[in-house]
Every structure is written in structure tokens, then in C-alpha cells.
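Please look at the structure below together with its sequence, and read the notes that follow with both in view. They are grouped by topic.

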Amino acid sequence: MADGQRPKVRTSYKRQRTIEPLHTSGSVTITLDGSKLVTCLGEEALLTELSSGRLLSRFSCASESITALCLSPSASHLVLFTTPSSLQVYEVPAVFSSQVVQPFRVIARAHDAPVHVCTVDPTSSFLASGSADGIVKVWDISAGHVTHVFKGHGGVVSALKFNFPRDPSIVSSRKTFQLVTASVDTVIRVFDLMATTRNEQGALRPIALLEGHVSVPRGLDVTPDGKWLISGGRDSVVLLWDMLASSWFNQWKEKKGKFGRPNPDPFQDHPCHGKGRSRRGVVRIWDLDQGSVIYSLATEAGTSSVDQEEQRQIIDAFYLPTSDTIVSAHADQNIFFYSLKSRSLVRHMIGYNDEIVDAIFLSPPSSSPGPSSNSGLRDTQLALATNSSLIRIYSVSNLDAQVLAGHSEIVLSLDQGLGGRIFASGSKDKSARIWAFSQQSDASGWGCIAVCEGHAGSVGSITMSRVYDDADSHPRFVFTGSQDRTIKMWDLSELPLTFTGADPEKCHSLTTHKAHDKDINSLDVAPNDQLLASGSQDRTANVYEVTHTVGSRGKPPRGEIKRIGCCKGHKRGVWNVRFGRTERVLATGSSDKTVKLWSLEDFTCVKTFEGHTNSVLRVDFINHGMHLVSAGSDGLVKLWSVKEETCMTTLDNHEDKVWALAISSDEATIVSGAADSVVTFWQDCTEEGERERETKRANQVLREQDFMNYLAVHDYRRAIELALAMQQPGRLLALFGDIRSAALEQGLQNGVSVSGSQALDEVLRTLPSSDLSLLVRYIRDWNTNAKTSGVAQSVLYAILKLRPAGDVTDAFGYIAPQETGEASQDMRQLNGAGSSSLKDIVDGLIPYTQRHLARLDRLVQESFVVDYILNEMDDGMFDGTDRETMDVDIPS
């Protein structure tokens, strides 16, 4: 920071973007150009833009589970089949605004059994659907009726594919349009869809029965020229069929090729491609002529259990010819993109994160070698600990992700060191791991470089040393807190700074300290590495002095911690502790719904922040310690002023507990992650808000000056319209009061004008409906006060005399269009979008009007009493002619 430059204080944040659940189960499809992805999330389908990860549209299914979906090749229609076997067809909007799209056609009973497979022909005109009762139907998408019904399948229909040759080099007098089906009876059937138009006998019977699989065929595909058919099944075999064989109309059992594999993996090649299921989640590329594997695209290496293999099995696979990419969707909600040119994974999208437990920003060094390799951008990635043993690494710019495997149980805590170039994780498997970034060109990113083992319980909290001077400095140590109520200090001074692919090293424990009487929830190291704080379920926060000596000349490194204070005052367990970055203070968040600030001089509570309605789970400092950020079980993120002890801003975008809170190094971005599986990026908008407020103030001053100018020239129309636009009923009241007073003084209430001014009469007679309804609401409010009721009654009288009754009723049925300007939102809220009826206004006017009328009657009656009393006091002395006079002596 330059000398004399004031630090930038950030006090306002707005939601910039979110990482929300993308895919939970069911089918996945993608547009042919690879730009958009359609996934199933619960009871709705989502359309996502792949380049930015932005949600484009939601397709509602009316609380019905999706069993099958497909997208037309032209990407104009989306077809969904739901649980009660209903067919719903949607038009994909041309302009996207995250809107919810409703189906334009719904067929309640499309099949008598659930539909599990469906596909659209290459012309985007016909839809084929196969149900669990072995019936296949072909639909005309535009007309919405069935064109063909094929029966005879021996059970559930498992795969469908249209054969519509599009090779212009093939000249044939007979047009080919076929449907290939597969079912659980292992037989592949080919139906001629043109036979019905030619009125051939047996048009609804298959023209070929292809037998060769011994288990259920799950994938079918046909080459664009219609020459070859590929089928893959659960029998771990891929079969290649000649579609132009001479024995086509007979029961055909001959195969062009048979390729056996250890697992029923998808089969991909040019120009033929197919899809299938894989227990190990591996995509293999085959040579069609030789029947051998050219290479494999693996999503995960190494051996694993049967359950893990089932989770990684491929449920859908697609080939994108425009980008020469293979897309595979897996049962564990992961979607992988492989480039056939580089034969590598180019993108990884995570469909569902489950409960977000912790989050940290990472700043991996540049992969380019050289002295500038560590001068990369800050906070380019986000690490998430979820309800899983896998750590998710997201790119901040899009939804591209990496999954880190290493822990065998759920990861509970994360912390970063060296400015985000390495990080540590603690897990339920009683261990902690240190992760670093690989700078090798063929590496996949982050990898484990060290393991810390020794705790007897889950490692629920972890914190790394904060001090580092340059890019080549090493982390000094890491602290782990466990369910066994101990804190361990581990030496990291000899660890490598990059991941090389070697086996992780075993870290050495420097000291073990019995810290609390209950579970340790949080740890934090002071910015100078001299203090350590721990928070526990025993309602206390302990502060320790840290001593660490780096090993040299054959001497091992040494480290120890000594408790120097205890912060007592919370009524329930302490969930989080955090040191101030500039002052000797400690912030704690507790289950007692409060955030407390403690002095490190005498360990007393100096400030308490109350406002959360449930447990405070995370807390941190920003703006050089002038403000606090807290997250709680109420789903809220709050920004506090330390000086005023007040909440300045509340950020709300979660529906469950906010467990994770991460702040970027420049404090411009706050990330919150919750148990609702939503990660929210909150972007600083302080300067933007200040500019908006300054612009609003300037416009307000100009409007007020214009208002005064209009009054000076008696331009009542523009003055009233401007006062209504500025939402200033006080100025309107003063204007109407001045006009009324002037009229009374000049005696103009004798039929010349209804309101006291002919110009005002003309304004009230031609006032727009939106302004008229707002003015009547102001009149209702003025009428509640005896001092302003006279003006209210006179203006209301003028409106009712000058406007037909239909104008007044129409004004309250008026719904304003989307207005622009700073007052539009207030206007819409005040108008209630037509919900506030004229009856409500009348019900508010009548009681006060009756009260004012009764008050005036009493005043008139009391005035007659006063006249009578005064007359009696005079005793008629001024009424008669005989008056007694008093003699007055006049001096001479």
C-alpha cells in the first residue's frame, strides 16, 4: 500500500454467482455442438451453459420423477418421461434468463409401464420410447400422436436407435428409415418405419432379429451412412453388425466382429461410436479392423472396492464431432470430458456436492517452469470438503473441477498455507494430509505429498503456519485437533513444495497436548505464528504460546505449545476461533448464537455481537479488523462493525446451515457453503453502491430544484407528477395546503373552481391512473390526522367531482409495467401490483371521515353555546336603546 493511501473498506457485498447441484440421478444429454448440457436434478431438468457453468433454464415436471430424457439434434425440443409414464415435451427457449419452462404438450398415459429409454431421430421429427412392458412407440413430435407401435420384446426395452442414412454418396431408390431396439431378452430387433407407408404385410414386425449377446444390450449406435451397427451389453462384449448384409430379411446371427473386454465399457471410434455401462468408469478406444484396444481414457487409476466401482460406472456416453470430444456421465454424479486429440481429461464437472463442510481459496503456481512460475494469480481455485472422502477443487471462473482421493473417510476440515500454494485436510479416518500442486506438464493438478497419522479420533480441525516470506519458503508446521481432545504439532519444514507423483511422506509429530475436556471444533494460528487458539464443545477457547525450532546440523526440529490463557463466557460450545490480523484480539463463534471478541492481553470479553437466530459456525475478520464476517446455522452470513457492535449487512442465499466460509486475499470475494449443497460467491459492491447512492442524491437535488421552479411558475401539473415520482407525500401536502389557503383567502370557493385553482382542477382531471391511485393512498394517510384531514377531504372531493367513478376504479386495477428509475421498486411495492383494492382504501377513509364529521358537529354545537354564554354575560346591554351611562369627570 502506498504511503498516505487509505485502506479500502468493504462494507457491501452482493451475490455474484453460485455453484448449485447440477445432477443427482437419471439420464444426461448434451447438444451436438457441445455448448449446452441437460441434466436431471430431483424433479426437474436443468439446461446449463458449459463454457461459463451458468444455468440457462429449468424444465418443471410438476413434482414427478424423471425416468428418461432426450434432446432433439436441433436442440429445439426437450422430451421428458416421468414416473406415471407421462410424456412431456418442451420447447427450448431461444433467449435464456434462468426461467422455468413449462411443457407445451403433456400426454398423461403415454405408456402403460415406466419408460426408461427414448431417442429422437436425426431430423428432430420423430421420437421413439421404450417401456418396461416391452412396447416401443414412435411419436410425431410436432403433431403429438403415435405413428408406430412395436410389440414382441421379451421384457424391458433397454436401448433404442434410429437408422436414417445421410450419406449423399449413396444413391438408392429405396429410402431407409429404421428403428433398432434392444431388450432384456438379449435380442436386437430392427424395424422398418417406411413399411407402413408402403402398406407392406407385416409392417409392424421386425425385419431382422440380431442374436449374439448373452446379456442385456445397453448401448446401440449406427454409423451416419447406415452401414454398421454397434451394440454393447452387460456380457462384456461389443458386437459390430453389417447393416447391408444380403441375408438381411432372415433371422441373422452372423457378426462382422466380436470384441471381448474385461468390463462392459463404452465403445468409441470414428466414425462409429457407442455408449454403455462400465463398472470401472473407463472409456476405451478400439480399432474396428483389428478388434483391439488402441488406448483407454481412465477417470481413476488403481484398485478399488466393488462399491466404488459401482459408483464410477458409466451411465451415458456421447461423442461430440465438432470438438472431437467424448463425454461420459457416471453414477457418482461426475461428468468427464475427454479430448481424443490429446487423449486426456480436459474437463470435469461435479453434479452434486452434498453437504458443504469447509472451503478455502487456493492459489496454485503457474505450470510454466522458470523463476516466474510462482507469480500466478491469487485465489484462482476453491477447495471444498463435502460429506465425502473426496476433496473437490473448483476453478473459480467456471464449473471445471478436480476430485482428490486419498482419505478413506469424510473430510472434515481444510486450511491453506504459503498463500494458497499448499493446503492441508483433516478427516474422520484419524489422519491429516498435505497437498501440493504439480508443475509437470502431464500431471493432473493437486496431489498428496505428506500424511499425518497418530490421532486416536477424527481430525475435525486443522491449521497451518501463516508466516512465509517468498515463493521458495517452506511451511513450518501444521496443527491438528481431534475428537480425542488432543492437539498435535507436525513438522513440515522438510516437505517438497510440489507434487511429483511419489508416495506421500510420513510427517513427524513434534508435540501432543491434552487441550480440552470435549471435542475440539476449531484451531487457528496467529499471523505471526507465535500463538495458537482452540475452540471446543466445553464452551471455552484456549490460547497457547507456540515455540518452533527448525532442525539444523543434524539436530531434529523441535516444537511445543504452552497454554497462556482461557477465554470463558460462552454458554454453549465454541464452533470457531479466529485471530485478528492487525490487533491482539480473538473472535469466537458459539452455539449460544453470539460472536465474542476477546482481548489477548487479559483474555476478557470486550465485545459481544448478537443477531444470529441459531449457532454461529464460522467467523473471520476483514477490513484490517474493523469488521467481522460470521455464518450460522440460520443460513445467514452477517457483516458486523466491530466499533459499533451492529450488523451492517445480512447476506441470504442458503436454506440450511452455513458450515463453510472463505475470504479471498483481497477481501473482494466471500464464499459461503452450506448443508443445502449450494456454494455462493459474494462480490464486493461497496464502490458500486456508493456511486449509485451519489447518483441518487444528485438526481434528488435536481428534482427538488425542478419542483421549486415548477411552484414558482405555478406549473402544478409537473410539480405534482414530480412529487409523486419522488415518493414525497409531504411536498404534495404542502402544495395542496397552500393552494387551499390561498383560495380561502381570496374567496374563490364560490363555484369558480372545485379545488380552489383551475390549474389544479385540470391536473386532477387528467392525472394518469398510476399517479391517481398513489395520490388516493396519500389522501387516505393524510385523512388519519386531524391537522391534515381538511386538505385530504378537499382534494378527495375535487377528485370525485372532476373524475368519473370508472376512472377511480380503473386506477386501482392498474398494474404498472416494468418501470425504470430508483423509485420503481418502491412504486411497485406501494401499488402492490394491483393487490390493494379500492375497497381497502374506502375502508380506511370512512371511519376517519366519520370521526372528523362528528368532531366538526361538536365544534358547531359548542360555538352556539359560546354565543349564548357571551349573550347572557352581556345581559342585553348592547341590544336595548336605554343604556345607562357612567359619568366621567373631565378635568378642566
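Isoleucine 393 stands opposite glutamine 402, and this glutamine belongs to strand S33, in what is a predicted model. Strand S32 covers residues 391-395 and strand S33 covers residues 401-404, and the two pair in the antiparallel sense over four bridges. The link between S32 and S33 is a hairpin of five residues.

**Two open sheets**

- One open sheet consists of four strands in the order S6-S7-S8-S10, and the pairing in this sheet is antiparallel.
- Strand S6 (66-71) and strand S10 (105-107) stand at the edges of that sheet and have a single partner strand each, so one side of each is left without a neighbour in the sheet.
- Neighbouring strands of the sheet S6-S7-S8-S10 are turned against each other by 15° on average, if direction is ignored.
- Inside this order, strand S7 (residues 77-82) pairs with strand S8 (residues 87-91) in the antiparallel sense over five bridges, and phenylalanine 81 has leucine 87 in S8 as its bridge partner.
- Another open sheet of four strands has the order S43-S44-S45-S46, and here too the pairing is antiparallel.
- At the edges of this sheet stand strand S43 (520-525) and strand S46 (558-568), and because each has a single partner strand, one side of each is left without a neighbour in the sheet.
- For the sheet S43-S44-S45-S46, the average turn of neighbouring strands against each other is 25°, again with direction ignored.
- Strand S44 (residues 531-536) and strand S45 (residues 540-549) are joined over five bridges in the antiparallel sense, and leucine 531 stands opposite glutamate 545 in S45.
- When you follow a strand in the viewer, it helps to know that in a regular strand the side chains alternate between the two faces of the sheet.

**A buried valine and its partners**

- Valine 679 lies in strand S57, which covers residues 679-684, and with a relative accessibility of 0% this valine counts as buried, because buried means under 20%.
- Although valine 679 and glutamate 20 are 659 residues apart along the chain, their C-alpha atoms are separated by 6.5 Å.
- If residues up to four places away in sequence are not counted, valine 679 touches Arg17, Thr18, Ile19, Ile356, Leu382, Leu384, Val671, Ser672 and Gly673.

**Helix H6 and its ring pair**

- Helix H6 (residues 769-782) has 14 residues and should span 20 Å at 1.5 Å a residue, and this agrees with its end C-alpha atoms, which are 20 Å apart.
- Eleven of the 14 residues of H6 are buried, so that the helix is mostly covered, and among these buried residues are Leu772, Leu774, Val776, Arg777 and Ile779.
- Tyrosine 778 and tryptophan 782 both lie in H6, four residues apart, which is about one turn of the helix, and both of them are buried.

**Aromatic rings**

- A pair of aromatic rings is described by the distance of the centres and the angle of the planes.
- The structure holds 14 aromatic pairs, and one of them is the tilted pair of phenylalanine 126 and phenylalanine 177, with 5.8 Å from centre to centre and 55° between the planes.
- This pair links distant parts of the chain, since phenylalanine 126 is in strand S12 (residues 126-131), whereas phenylalanine 177 is in the loop between strand S15 (157-163) and strand S16 (178-183), 51 residues apart.
- Phenylalanine 126 is partly exposed at a relative accessible area of 23%, whereas phenylalanine 177 counts as buried at 8% relative accessibility.
- The rings of tyrosine 778 and tryptophan 782 have their centres 6.3 Å apart and their planes at 25°, so this pair is stacked.
- Phe126, Phe162, Phe164 and Phe177 form one aromatic cluster.

**A buried histidine in helix H10**

- Histidine 852 lies in helix H10, which covers residues 838-874, and at 7% relative accessibility this histidine counts as buried.
- The side chain of histidine 852 reaches the backbone oxygen of asparagine 783 at 2.6 Å.
- With neighbours within four places in sequence left aside, histidine 852 is in contact with Asn783, Asn785, Ala786 and Ser789.

Notes:
Residues numbered from 1 in each chain as written. Predicted model: local features only at pLDDT ≥ 70, side-chain atom pairs only at ≥ 80, totals over all residues. Heavy atoms only, no water. Buried < 20%, exposed > 50% of the residue type's maximum accessible area, 1.4 Å probe, protein only. Polar contact = N/O pair within 3.5 Å; in protein donor to acceptor, adjacent residues only side chain to side chain. Contact = heavy atoms within 4.5 Å. Pairing = 2+ DSSP bridges. Axes fitted to C-alpha atoms, helices over the stretch in contact; angles between N-to-C directions. Expected span 1.5 Å × (residues − 1). Phe/Tyr/Trp six-rings, centres within 6.5 Å; stacked < 30°, edge-to-face > 60°.
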